[in-house]
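User: I'd like to learn how to read a fold from its coordinates. Could you walk me through this one?

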Amino acid sequence: MIQGLILPGQDMHLFLLELPQQLVNGLTLGGVYALIAIGYTMVYGILGMLNFAHGEIYMIGGFTGWWVLHLLSRNHQVFMNSAAVIFLMIILAMIVSSFVGVLTERFAYRPLRNAPRINLLLSALGVSIFLRNFVLNYQGAKARTFYVSSLIPKGLQIIHVGPVVISFMRILVIILTFLMMGLLTLMIKRTKAGKAMRATAQDLEMATFLGIDVDRIIVMVFIIGSALGGAAGVLVGLLFTQVDYYVGFQAGLKGFTAAVLGGIGSIPGAMLGGVLLGLCESLAVIFLPSEYKDVVTFVILVIVLIVKPTGLLGEKVPEKV
Amino acid sequence: MEREPVLKFEHIDAYYGSIQVLYDINFEVYAGELVCLLGGNASGKSTTLKTILGVCKVRNGTITLKGERINGKPTKEIIAMGVAIVPENRRIFPKMTVMENLELGAYLRRDKEQVREEIENIFELFPILRKRANQMGVTLSGGEQQMLAMGRALLSRPEILLMDEPSMGLSPLLVNQQFEIIQEVNQRGTTIFMVEQNANMALSIADRGYVLQTGEIVLHDTAQALLENEMMKKAYLGGHEDEEDTGE
């Protein structure tokens, strides 16, 4: 018997009490997972490869955010407008992460464009190990702490809505993640570049035959995916106040699971998969001790792979009609 | 007639690795013409198209588009110079709407207003596409997909339109319709270079034809003359129609 396990019916009112709280937690977590998953799914959609280095891109975003916060505070107190600090943390993390993402594509993936997929995959693993150890070498193994309390005015840090306790950071994270997802959706659906991206993902060679500069599209995909991953790194730092050189591994697995759950290659799928995964993890915590959170993730991954390998929104398009 | 050809092959040799697939290919296509390249499987027809598009590298010789050398240039530059293709199996974007597929045909153009007008023209030429404008490409029938691929290619306003096996995968009835459309588009002023196995159909609408056999051009003449050529009758036109490739 797992200690702390609540059996259904045993304590129904506890469940109902916890439900709204865990929904909020789930949405926060889910938004972050979705941002990470988008990077996996966009790269997979065009290059057909799993970018194992994506977790590290997220980690580098987290570190960038930490450095910005660190440089803009003295004795754990920020000396600038907090909104401006948070904005700078996120923007700079997005810039640094996309820069690393583009370098990765240019030097580790592009030379292997015509090589077998397995070579690309191994190259991605190599980049992942390299980046992780690069950060370990220069930042050390010690976790860095985000001193966020000075970022938010005292009265605003925790908001009570009935029985639900919501920290300001959670609200911020939910708003920002869903805002970014909304903007990305608009961009992909409406703009010329977005249409070119979808076309390239569906038939790369045909896209070339229409004059689409596929190399530029691939760079754009890495910029967008990495920027969102970097932003996720900062948001998680703000929420859980810690970052170290190894956080990319776990986050990468979660993002990957979310992408597979939604249907890898599908951007709406990645968003849906991320939010669902976050909700599942948080709701499971009502019944299970919180250490089992990750077990839930991977049980979901295994079930999806067995029952519906194409994911919720993924579908196989016949290559030739 | 000393006109400058739109497309000209001079002494083209092409290889896949160490295997030579094209031997000293020479031909030209003049503005407004409909020229077809005929040949069986593995004769080098598709390779010829790939050399135009810069996908297959040429070892010797020159390909010129309106007098400018194009072999050695990257595909995107060749496309930008005015080459469009209706590829084998059409390859429309399955998870994009008909409208989006058409818009992508005009990807390199900046004159939005003009493009909108031309999309209207495409809808007049193929009324069924207007009805399907907001449907995903994957929901179209083979014939509709062929129209869409044609419309998409025309929207780039090509100097020359390449067509790769337009009869492939279409029912015999649709093949007839398809070739009528090609003829119509050609008569409206588009220069077309078509690669096709179905020699009878192709020659019935073409101005001139070249016959490719294991990488060499063995015959070229006006379409009418080719239809009456004894060797052609024996090798390609046959007493009976070979429906093998069109019966799907």
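Analyst: Happy to! Keep in mind that this is a predicted model. A good start is the inventory of secondary structure: chain B has ten helices and ten strands. Next comes overall size: the radius of gyration of chain B is 18 Å, close to the 18 Å that the globule rule gives for 248 residues, so chain B is as compact as a globular protein of that length. Its C-alpha trace spans about 45 × 40 × 40 Å along the principal axes.

User: What percentage of the 248 residues in chain B is buried?

Analyst: Counting a residue as buried when 20 or more other C-beta atoms lie within 10 Å of its own, the share in chain B is 45%.

User: In what order do the four strands of the open sheet in chain B lie?

Analyst: The order is β2-β1-β4-β5, with antiparallel pairing. β2 (19-29) and β5 (68-69) of chain B are the edge strands; each has a single partner strand, so one side of each lacks a neighbour in the sheet. β1 (residues 7-16) of chain B pairs with β2(B) over seven bridges, and B:L7 sits opposite B:V29 of β2(B).

User: Which strands does helix α1 of chain B lie across?

Analyst: Helix α1 (residues 45-53) crosses β1, β2 and β4 (58-65) of chain B, at about 70° to β2(B).

User: How many residues of chain B are in contact with chain A?

Analyst: There are 21, meeting 16 residues of chain A. Helices α2 (75-80) and α3 (98-105) of chain B each supply at least two residues of that side. By class, the side has twelve nonpolar, four polar and five charged residues.

Note on methods
Residues are numbered from 1 along each chain as its sequence is written. Chains are lettered from A and ligands numbered from 1 in the order in which they are written. This is a predicted model: local features need pLDDT of at least 70, side-chain atom pairs count only at pLDDT 80 or more; totals for chains, interfaces and linings use all residues. Two strands pair if DSSP finds at least two bridges between them. Two residues are in contact if their C-beta atoms, placed from the backbone, lie within 7 Å. Axes are lines fitted to C-alpha atoms, for helices over the stretch in contact, and angles run from 0 to 180 degrees between N-to-C directions. Ala, Val, Leu, Ile, Met, Phe, Trp, Tyr, Cys and Pro count as nonpolar, Asp, Glu, Lys and Arg as charged, and the others, Gly among them, as polar. The radius of gyration is taken over C-alpha atoms; the globule rule is 2.2 Å times the number of residues to the power 0.38. A residue is buried if 20 or more other C-beta atoms lie within 10 Å of its own, exposed if 12 or fewer, and partly exposed in between; C-beta atoms are placed from the backbone.
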